[in-house]
Amino acid sequence: MRPIFMCAMLLVGACTQPVAADDSSDGSGSGSESGEPHGAWQPVLQVDKEVGALMSVWGETPEDVYVVGGQPESGGGRVLHSVDGEWVVESLPADVSMLNWVYGVGDLVWSVGMDGAIVRREGGVWAAETSPTDRVLWGVWGASADELWAVGGDAVGDEPVLLRRDGASAAWASVELPELGVNSHGLFKVWGRAADDVWIVGDLGAALHYDGDAWTAHPDPAAVDIISVWGSDAEGVIAVGGRASGRINRVDGGSWAGETLAIPGLNGVWVDPEAGATAVGVQGTIIRISAGGYAAEAEDSGTNLVLHSVFGFAGGPRFAVGGSLLMPPPFTGVILRAD
C-alpha cells in the first residue's frame, strides 16, 4: 500500500490523560493473558477514533516509549507516552495534524507528519518548530541534535521533500536533491549509522546516501517502492517495501540487492543490534528476517489491521503499531508488544 494521505473531519482537543482501551472487536484480539507462549505478540492497547491510527513507535528504554499517529486533519495529531506501564496522551499544539514518525536524540524527541508538521519534545513539553514545507513528512532521523533530516512527499504528484535541521540555529531548511534516477514523488524514511553514513528510501525504488558532504543517488534497480530502512553494524542496512508483495533489500557494496517474497507489502523494519530484523506490513503481517539473509519467518500478530512501524530493544521487548489505514477515516489504532 502507499503511505496513507486521507482527509477526515474529527476535531478533538489535545489533553494529557491515560488512554482508555477500545473494547470494540476489530480482529486485534483481547489484551488479556491467554496462555500464549513467551515472546508471542499481544495487543497492549487498542484505541478508538479519539486517538486514531498509530503510525510510529520509538523509545529510549522499554519503560520510556513514544507512539505517534492520529487523524489526518488539523488538530488530529496524537502522541502516546508510556509512563509507569500506562499509556498517556501528551498535549500537542492545537493545530498539529496526524504524525507519521517519531525519533529521539538524547533528551529531545522529534515527530513529523501531515501538512509539514514538525514538533519537538523538550522538558516534557511538545512545541511546534517552523517547517519550510506544507507537504506530508514521513520520516525523521539524526545522529545528534546538531543535525537532523526529515523526508516526505505524497508519492502521487508531489516533488520529493528533504529537510535539514541545523542544530546551531535550530532552523529547518529545504535541501536540493540530486538526480534520483527514478521518477519518484516521495521519500519515506531516513536512517543512518552515523552523521556521515545516512540512507533515505522512497517511491519507485528511490534511495539516497549521505557521506557527510553530499547526497548521492543509489536507486534500487527493481524499481519497487521502498517504505522503511534501518540497520546495524552486524546486519548492515536493510530496507523493506513492496505493494502487492513484500520486498526485502540489503545494501551490498553501495548497491541494493533484494528479494520479493510471497507475503503482503511491508511498511516498517527494525534491525536488532545483535542479529536479524523484524518487519511489519499489511494484513497484520509480522516477519523475522534471518541474520545476513532474506529468509522470513512469519509471526502471529493476532490482527488484520495494517501495521506501519516496529521498534525494539536488544533482548526485547519489541513493539509494533498500526491501525485501520485501509478503511476510510476516522481511523482506529493498535499497539502490539512481544517480550
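**Exercise 1. Work out whether Leu204 is buried, partly exposed or exposed, and place it in the chain.**

Start with accessibility: Leu204 has a relative accessible area of 31%. Now apply the cut-offs: buried means under 20% relative accessible area, exposed over 50%, and partly exposed in between, with a 1.4 Å probe and protein chains only. Leu204 therefore counts as partly exposed. Next, find its place: Leu204 sits in the loop between β16 (197-202) and β17 (207-210), where strands are DSSP runs of E, at least two residues long, numbered from the N terminus. Finally, check the backbone: its phi is positive, near 55 degrees, in a residue other than glycine.

A word on the source: this is a predicted model, in which local features need pLDDT of at least 70 and side-chain atom pairs count only at pLDDT 80 or more, while totals for chains, interfaces and linings use all residues. Residues are numbered from 1 along each chain as its sequence is written, and side-chain values use heavy atoms, leaving out hydrogens and water.

**Exercise 2. Find the cis peptide bonds that end at Pro317 and Pro330, and locate each proline.**

Take Pro317 to begin with: a cis bond joins Gly316 to Pro317, with omega about 0 degrees. Pro317 belongs to the loop between β27 (306-312) and β28 (318-323). Then turn to Pro330: the bond from Pro329 is cis, and omega is near 10 degrees. Pro330 lies in the loop between β28 and β29 (333-338).

**Exercise 3. Describe the largest nonpolar core and the contacts of Val140.**

Begin with the term: a nonpolar core is a set of buried Ala, Val, Leu, Ile, Met, Phe, Trp, Tyr and Cys residues joined through side-chain atoms within 4.5 Å. The largest core has 87 residues, and Leu80, Val140 and Ile335 touch the most other members. Strand β7 (residues 99-105) gives the largest share of this core, 5 residues. Now look around Val140: leaving aside neighbours within four places in sequence, its contacts (heavy atoms within 4.5 Å) include Trp101, Tyr103, Trp110 and Trp172.

**Exercise 4. Which residue classes line the largest cavity?**

List some of the lining residues: among them are Trp58, Trp101, Trp230 and Phe311. A cavity is a set of points on a 1 Å grid over the protein atoms alone where a 1.4 Å probe fits but cannot get out, and lining residues have an atom within 4 Å of a point. Sort by class: the lining has 8 nonpolar, 2 polar and no charged residues, with Pro added to the core residue types as nonpolar, Asp, Glu, Lys and Arg as charged, and the others polar.

Conventions
Helices (H or I, at least four residues) and strands (E, at least two) are DSSP runs, numbered from the N terminus. On a 1 Å grid over the protein atoms alone, a cavity is a set of points where a 1.4 Å probe fits but cannot get out, and a pocket is an open set with protein on both sides within 12 Å along at least five of seven lines; lining residues have an atom within 4 Å of a point.
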